[in-house]
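User: Hi! I have a new model open and would like to talk it through with you. Could you help me read it?

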Amino acid sequence: MNEEKVAAMKSLSTKEGIISALAIDQRGALKKMIKALGKEPTAQQITEFKELVSAELTPYASAILLDPEYGLPAAKARHQEAGLLLAYEKTGYDATTPGRLPDLLADWSTLRLKEQTADAIKFLLYYDVDEDPEINHLKHVFIERLGSECAGEKRPFYLELVSYDAKINDSTSLEYAKIKPHKVIEMMKEFSDPKYKVDVLKVEVPVNMNYVEGYSDGEIAYSKKEAAAFFKEQSDATPLPFIFLSAGVSTALFQQTLVFAHESGSTFNGVLCGRATWKDGVKAYVENGREGAIEWLRTQGRQNIESLNKVINENATPWFDKVKEDSVTAK
């Protein structure tokens, strides 16, 4: 990392080098959450909810991840000491075309996101290590191009990797749980290659905790010992700083997962936590409007993020440890 990237990284983390960031760059998913509660969401509602989350919760986060489509007012509403990541991908993917191919927001560039005071650029890539090599080749070239663009603007590149299997429709199934470690670990190895110019990997945990012995109420895919070995293997798979995404699981399970990861020898460097922090606030917003959301965010929402911060600070490791010593000045 050059000096400008290092400075940006510091603005996204605590002074100890832990990334405790809040994610609310969801667009399609947030619309579905509101619609599931019986309301057809408007653009104004999506924008307002993001703005409320940012204003109320960023005093307790090292940074916030937003999208430029609905999130720019929220970026302005954030606490002055919270860093800003902006998402560069189009939401979702074209299900009619094989491969879940990536695409950028058409009217944005890394330069334009930087002009909106983004400290870092985030891009979400769906990736199946066992898919048609021609499809994965297109994804490799795409990420090479994007990494070079971020490097040119001296913005840290956060690559969010979400695994899948082209032949398994249900990623929450026992069938997928059994192959998930392979999918997650191998894609981390691939995108740790310096040619992609990735600075931080945002990744899933390597197992589905709902199928881990001691955490499952039903079927078991892995013993605790096996799950722990996968966390350690994942950590050893990359020299890059990496952070965990919450993938929509409950607040309690996500926190338990972080403790388990640390006890397993994972040297993860923090989190970019979304729905596990704020998802129940959507119901408060839909049912009781702006005031209802504010009340929820100031009570349960704050409690969620502060309890998560405690777990992160006790279990994550500084990203400083994974960046060359001569790149990190004045730790």
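User: Thanks! To start with, what is the radius of gyration of the protein chain, and why compare it with a compact globule?
Analyst: Happy to help; keep in mind that this is a predicted model. The protein chain has a radius of gyration of 19 Å. A compact globule with 331 residues would come out near 20 Å, so the value agrees with that picture.

User: And what does the C-alpha trace span along its principal axes?
Analyst: About 50 × 45 × 45 Å.

User: How many helices and strands are there in the chain?
Analyst: The protein chain has 10 helices and 8 strands.

User: What share of the residues counts as buried?
Analyst: That would be 54% of the 331 residues. As for the outside, the chain exposes about 14500 Å², with carbon and sulfur atoms supplying 49% of that area.

User: Which part of the contacts comes from residues far apart in sequence?
Analyst: Taking contacts with a separation of 6 or more, 74% are between residues 24 or more positions apart.

User: Switching to charges: how many positive and negative ones are there?
Analyst: There are 41 positive and 50 negative charges, and their mean positions are 2 Å apart.

User: How many salt bridges does the structure hold?
Analyst: It holds 26 salt bridges. One of them joins the side chains of Lys50 and Asp67, at 2.7 Å from N to O. That pair links distant parts of the chain: Lys50 sits in helix α3, Asp67 in the loop between β2 and α4, 17 residues apart.

User: Is that pair's Lys50 buried or exposed? And what about Asp67, buried or exposed?
Analyst: Lys50 has a relative accessible area of 0%, so it is buried. Asp67 also has 0% relative accessibility and therefore counts as buried.

User: What does Arg302 pair with?
Analyst: Arg302 forms a salt bridge with Glu306, and the closest N and O atoms are 3.2 Å apart. Both are in helix α10, and because they are 4 residues apart there, about one helical turn separates them. Arg302 is partly exposed at 34% relative accessible area, and Glu306 is partly exposed at 35%.

User: Which residue does Lys310 bridge to?
Analyst: Lys310 bridges to Glu314, with 2.8 Å between the closest N and O atoms. These two also lie in helix α10, 4 residues apart, or about one turn. Lys310 is exposed, with a relative accessible area of 52%.

User: Which residues do salt bridges with shared partners join into one network?
Analyst: Asp25, Arg27, Glu69, Glu89, Lys122, Glu160 and Lys202 are joined that way.

Technical notes
Residues are numbered from 1 along each chain as its sequence is written. This is a predicted model: local features need pLDDT of at least 70, side-chain atom pairs count only at pLDDT 80 or more; totals for chains, interfaces and linings use all residues. Side-chain values use heavy atoms; hydrogens and water are left out. The radius of gyration is taken over C-alpha atoms; the globule rule is 2.2 Å times the number of residues to the power 0.38. Buried means under 20% relative accessible area, exposed over 50%, partly exposed in between (1.4 Å probe, protein chains only). Contact means heavy atoms within 4.5 Å. Accessible areas come from the Shrake-Rupley method with a 1.4 Å probe; for residues, only the protein chains shown count as cover. Lys and Arg count as positive and Asp and Glu as negative; His and the chain ends are not counted. The place of a charge is taken as NZ of Lys, CZ of Arg, CG of Asp or CD of Glu. A salt bridge is a side-chain nitrogen of Lys or Arg within 4 Å of a carboxyl oxygen of Asp or Glu.
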